[in-house]
Amino acid sequence: MKPQAQSLTNQNLEIEKSVFTEQKNGIYVSQKNAYAYQFGFLDEEAKKEIRRSLLKAVAIPGYQVPYASREMPIARGFGTGGLQISLSLIGADDTFKVIDQGSDDSVNAVNIRKFTTTTCPGIKLTKHTQEATLIQTRHRIPEIPLKLGQILVLQVPYPDPLVIVEASEEKRKIMHSEGDYARLWVKLYEDMVKFSEITISHRYPTRINGFYVIDPSPIPRFDVPKLHQSECLYLFGAGREKKIYAVPPYTTAQPLSFSDIPFRVEDFTDEKGHRRACSRCASTTTFLDEVISNIGEKVYQCSDSDYCDVTLSIKNKK
């Protein structure tokens, strides 16, 4: 990925506002129909700072790296952390995909995609997971396995898993540095005593590379095993909390669990013990959303719209 858009670099420093320029015969002139934005919206110093934080996060898997989260034209809590990472990494040669809870067409995904294309002219957009070089997501990891060279950026509301047992950030930092997650284990044990199972449905605490425990963002437990020994690079951005952390390729990711009570994911079985299937593509291996059909019936459908569409098109060809 190129840190700047090839010929779209702002060179006219005398102009108060950033404009895109292009080089003609060695002279930089304003580009036709140029937007009044720096490529990627953020200034170059902001991008450099975020990239340095990303390098540290990759070098120390699971460690929460603080950074100076900038103000963005979207509200805190709507993906500012993930968006800043995406804008710092994206180049004119990238293919970008945005999903929200598995869907390419949700309001959040559409608005982020529109903003990115406005501030990053020249990039390619796609709804197909396998074509994307950079993917920004909220609450889901795609069903199609990601490959080496792809980057998945996750939007994170609360980056610290210890926040449910310790309010003080200063104390949480000490606990992380010492690998002291005893109180988190007690929380899991109390769940077992009260409810006979661990009730955490999302943001399931996961140990990365044998040391730091992370909050993997509000992805369902179904997606947590995808972090383990994955070929792609996972980047997590919490804009409101001003933290960045990462799970590099081929890194161990182990959800916290007891030796006699193994970690389990959602199984989507019906009353008869059969695994429910997607009402569109008939898949029985994906994470399903419960929806109400046009006739008022409860049906289940793949959360990942791209996977569902691809599976359905393959079946129709047969």
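Six helices and 14 strands make up the secondary structure of this protein, and the model is a predicted one. Of its 318 residues, 47% are buried. The accessible surface comes to about 16100 Å², with 52% of that belonging to carbon and sulfur atoms. As for how the chain folds back on itself, take contacts between residues at least 6 apart in sequence: 58% of them join residues at least 24 apart.

**Helices α1 and α2**

- Two packed helices are described by the angle between their axes and the distance between the axes.
- Here, α1 runs over residues 44–59 and α2 over residues 80–89, and their axes come within 9 Å, crossing at roughly 105°.
- That angle makes α1 roughly perpendicular to α2, since anything from 65 to 115 degrees counts that way.
- On the α1 side the contact involves K47, I50, R51 and L54, and these meet Q84, I85, L87, S88 and L89 of α2.
- Sorted by class, the residues of this contact are five nonpolar, two polar and two charged.

**Aromatic pairs**

- A pair of aromatic rings is described by the distance of the centres and the angle of the planes.
- The count for this model is nine aromatic pairs.
- Y63 and Y212 form a tilted pair, because their ring centres sit 5.7 Å apart with the planes at 55°.
- Y63 comes from the loop between α1 and β3 (65–66) and Y212 from strand β9 (residues 212–214), so this pair ties together parts that are 149 residues apart in sequence.
- The two partners differ in cover: Y63 is partly exposed at a relative accessible area of 26%, whereas Y212 is buried at 16%.
- F268 and F287 pair edge-to-face, because their planes stand at 85° with the ring centres 5.2 Å apart.
- Both F268 and F287 belong to the loop between β12 and β13, so here the pair ties together parts that are 19 residues apart in sequence.
- F268 is buried with a relative accessible area of 13%, and F287 is buried with a value of 13% too.
- Ring pairs also build a cluster, made of Y63, F211 and Y212.

**Buried spots and their contacts**

- T286 sits in the loop between β12 (253–255) and β13 (288–292), and with a relative accessible area of 1% it is buried.
- Leaving out residues up to four places away in sequence, T286 touches E143, F222, F268, R275, C302 and Y307.
- F268 thus turns up twice: as a contact of T286 and as the ring partner of F287.
- N108 belongs to helix α3 (residues 107–119) and is buried, with a relative accessible area of 13%.
- Again not counting residues up to four places away in sequence, N108 touches F78, D100, R138 and Q155.
- L162 is in the loop between β7 (151–155) and α4 (169–177), and its relative accessibility is 0%, so it counts as buried.
- Beyond its neighbours within four places in sequence, L162 is in contact with R172, M175, H176, Y181 and L184.
- One of those contacts, R172, is 10 residues from L162 along the chain, and the C-alpha atoms of the two are separated by 6.5 Å.

**Positive phi**

- Most residues other than glycine have a negative phi, and most peptide bonds are trans.
- R203 has a positive phi, near 55°, and is not a glycine.
- You'll find R203 in the loop between α5 (182–195) and β8 (206–208), where it counts as partly exposed at 21% relative accessibility.
- S217 is another non-glycine residue with a positive phi, this one near 75°.
- S217 lies in the loop between β9 and β10 (233–238) and is buried, with a relative accessible area of 1%.
- Set side by side, R203 is partly exposed, while S217 is buried.

Terms used: Residues are numbered from 1 along each chain as its sequence is written. This is a predicted model: local features need pLDDT of at least 70, side-chain atom pairs count only at pLDDT 80 or more; totals for chains, interfaces and linings use all residues. Side-chain values use heavy atoms; hydrogens and water are left out. Axes are lines fitted to C-alpha atoms, for helices over the stretch in contact, and angles run from 0 to 180 degrees between N-to-C directions. Helices (H or I, at least four residues) and strands (E, at least two) are DSSP runs, numbered from the N terminus. Angles under 35 degrees count as roughly parallel, over 145 as roughly antiparallel, 65 to 115 as roughly perpendicular and the rest as oblique. Contact means heavy atoms within 4.5 Å. Ala, Val, Leu, Ile, Met, Phe, Trp, Tyr, Cys and Pro count as nonpolar, Asp, Glu, Lys and Arg as charged, and the others, Gly among them, as polar. Buried means under 20% relative accessible area, exposed over 50%, partly exposed in between (1.4 Å probe, protein chains only). Accessible areas come from the Shrake-Rupley method with a 1.4 Å probe; for residues, only the protein chains shown count as cover. Rings of Phe, Tyr and Trp (its six-membered ring) pair if their centres lie within 6.5 Å; planes under 30 degrees apart count as stacked, over 60 as edge-to-face and the rest as tilted.
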